[in-house]
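Got your viewer open? Here is a short walk through the model, one selection at a time.

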Amino acid sequence: MTAVAGGRFPGPVRGVPDVAADRVAAAREAVRRSRRADRRREARVGAVLAALVLGLLAVALSVGDFPLTPAEVLGALVGRGEGGAQLVVLQLRLPRALAAVVAGACFGVSGAVLQSLLRNPLASPDIIGISAGASAAAVVAILGLGLSGLPVSGVAALGALATALAIAALATRGALSGYRFVLVGIGAAAMLNAVVSFVLTRAQATEAAQALVWIIGSLNGTGWDAVVPLLLGAGVLLPACLVAGRALSGLGVGDDAAAGLGLRVGRSRLLLVVVAVGLAAVATAAAGPVAFVALVAGPVARRLLPGRTALAASALVGAVVLSASDLVAQHAPLLPQLPVGVVTGVVGAPYLLWLLVRAGRDGTAG
Amino acid sequence: MTAERSLVVQGLSLSYDDREVVHDLSLTVPPGRVTVIVGANACGKSTLLRGIARLLAPTSGAVLLDGRAVHEMPTREVAEVLGILPQSPAAPGGISVADLVGRGRYPHQGWLRRWTHQDETAVARALAWTGTEDLADRSVDELSGGQRQRVWIAMALAQETDLLLLDEPTTFLDLAHQVEVLDLLTDLNHRGATVVMVLHDLNLACRYADHVVAMRDGAVVAEGRPSDVITPETVRAVYGLECQVVPDPVCGTPMVVPLGRHHGGVVAPETSAT
């Protein structure tokens, strides 16, 4: 007779011997090994990505028309630099570099959450019209209502949220279908981009230049006034999202199985959509509709950590992509004042094409 | 330890949008037994299972778990007692077996209480039970259909529920793997779990069920012991198929031999019982 190896299930024996204790022990060892390997991999990937972010941040603070040594940058950061370095680092470079890191992280998590939730690699805020909603609202605010500065960012964030609500309302019939959500979203993006173009054709050249950032996404001249609301929004939404990641991993087994596990599927989905859209809205309000960061961050992170929801890694990948792109945009030879959205577009467009071709072949992306 | 749970379906009606699929259905699931729901395609058997597992809200009637309506109970509380394995569930790409089975522990964890020794024990037992411990760090994508089904069952087992509902746990499996999965569920039942499942194969249903529920058009046509329920009359009523029923040479349970337009009337009913 074999020993019962603890645990509640399957309960009182009625004639059948329990699983041998040594097999349970072997299974326990295998579970431990597998979980340990997962944790180590997560830690390793996280450390490498975090180091990359810090490295890019350091480069962004020291490189430019006014080159600084690492010591000078550090001095400026702790408030002991000489006047010029202090000004360049704290007022010019730091807000822009921080905006790239934080907006990149927000885009990355937003895309990763929506992609997992809707089970579709195309379900990223820049593809399904959420960023376009922010752009349209911002352009109307600048050229139609004559707003500028922070109020424009607020209107942009509201535009993103309103667009997401409209898409959800149109795409939800009974149950939320990822496929329908993406299709409706792509339609909404086309419509909203048409709004942007229409408003711009009616605008004066100088006004249009101000509104341009809302078409392509740019961090040129980003100052603390744009970074502070971004930091506040991200400070609330990013931790919320990492906590909600638990629900996201539950939903990964499918709606029915997740409900069977005691997850409140409808409520969890709603919460996750709201947080993801909020992140995209905050990031777009600060950086404009930078394309492809949200699209690529999740898939890259999930490739590094297969089978995990990988939200923290997606945040770091998004930060790396946007920071690196913005460095290229700032320092590309012969192309002064290049908007970062152009750089991410050049890198991201081939990826999108590849995704669509692959989806057409095996049908996974709808 | 495992308690025998009472599960009673009372005048249950279930709809998708405006289409009513299950009509005023009542059923008492015998505790500690294996109940198998059979019926033609689209007769509402999967819908009934989803309704019992509170994945679908009733338009009228109720499902009572230990006397309480499941749709009014906290979903977490239901999940600690009643597990469901849906038909062909989808695993996230690249997920490892240990990770997937570990997600069965969801109802036992909280926002703060994360992975514990108990969780580890439950997962280890589920893996050992289903003979999947050697697959623990493999990716679910790489597994064969039979292995994958056993892993999903392991996830349901890790949930440690007294009641287990399964929607066609043998679909896409070859005969050997079908028998393997059903034997496993029988072992489980012998340790006290109440099992309710939808099966397509009538002969396997007869062999493994203590209680058979035959459905047609969202209603119960007949229920009871397989030998009482599975008769040529019931099969005709449920599937519209003529057949002969002979004793299974191995266990004596009813075995359905279908007739068809090309094969009928050769074997006389009297000589069929070999």
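## Stop one: a strand residue

With 16 C-beta neighbours inside 10 Å, Glu20(B) counts as partly exposed, because buried would take 20 or more. Keep it selected: Glu20(B) sits in strand 2 of chain B, which covers residues 19–29. Bear in mind that this is a predicted model. Leaving aside residues up to four places away in sequence, Glu20(B) touches Ser13(B), Ser15(B), Thr59(B) and Gly218(B). Now add Gly44(B): it lies 24 residues from Glu20(B) along the chain, and their C-alpha atoms are separated by 9.5 Å.

## Stop two: an enclosed helix

Next, pick residues 45–52 of chain B. This is helix 1, and seven of its eight residues are buried, so the rest of the structure largely encloses it. The buried ones are Lys45(B), Thr47(B), Leu48(B), Leu49(B), Arg50(B), Gly51(B) and Ile52(B). After the helix comes Arg54(B), with a positive phi near 50°.

## Stop three: where the chains meet

Show both chains. Here 48 residues of chain B are in contact with 42 residues of chain A. On the chain B side, elements giving two or more residues include helix 2 (75–79), strand 6 (82–85) and helix 6 (175–190). Helix 4 of chain B provides the largest share, nine residues. That side of chain B divides into 25 nonpolar, 11 polar and 12 charged residues.

## Last stop: over to chain A

Select residues 150–171 of chain A, helix 5. At 1.5 Å a residue, its 22 residues should span 32 Å, and the end C-alpha atoms are indeed 32 Å apart. Among its buried residues are Val152(A), Ala160(A) and Ile167(A).

Terms used
Residues numbered from 1 in each chain as written. Chains lettered and ligands numbered in written order. Predicted model: local features only at pLDDT ≥ 70, side-chain atom pairs only at ≥ 80, totals over all residues. Contact = placed C-beta atoms within 7 Å. Helix = DSSP H or I, 4+ residues; strand = E, 2+ residues; numbered from the N terminus. Nonpolar A, V, L, I, M, F, W, Y, C, P; charged D, E, K, R; others polar. Buried ≥ 20, exposed ≤ 12 C-beta atoms within 10 Å, placed from the backbone. Expected span 1.5 Å × (residues − 1).
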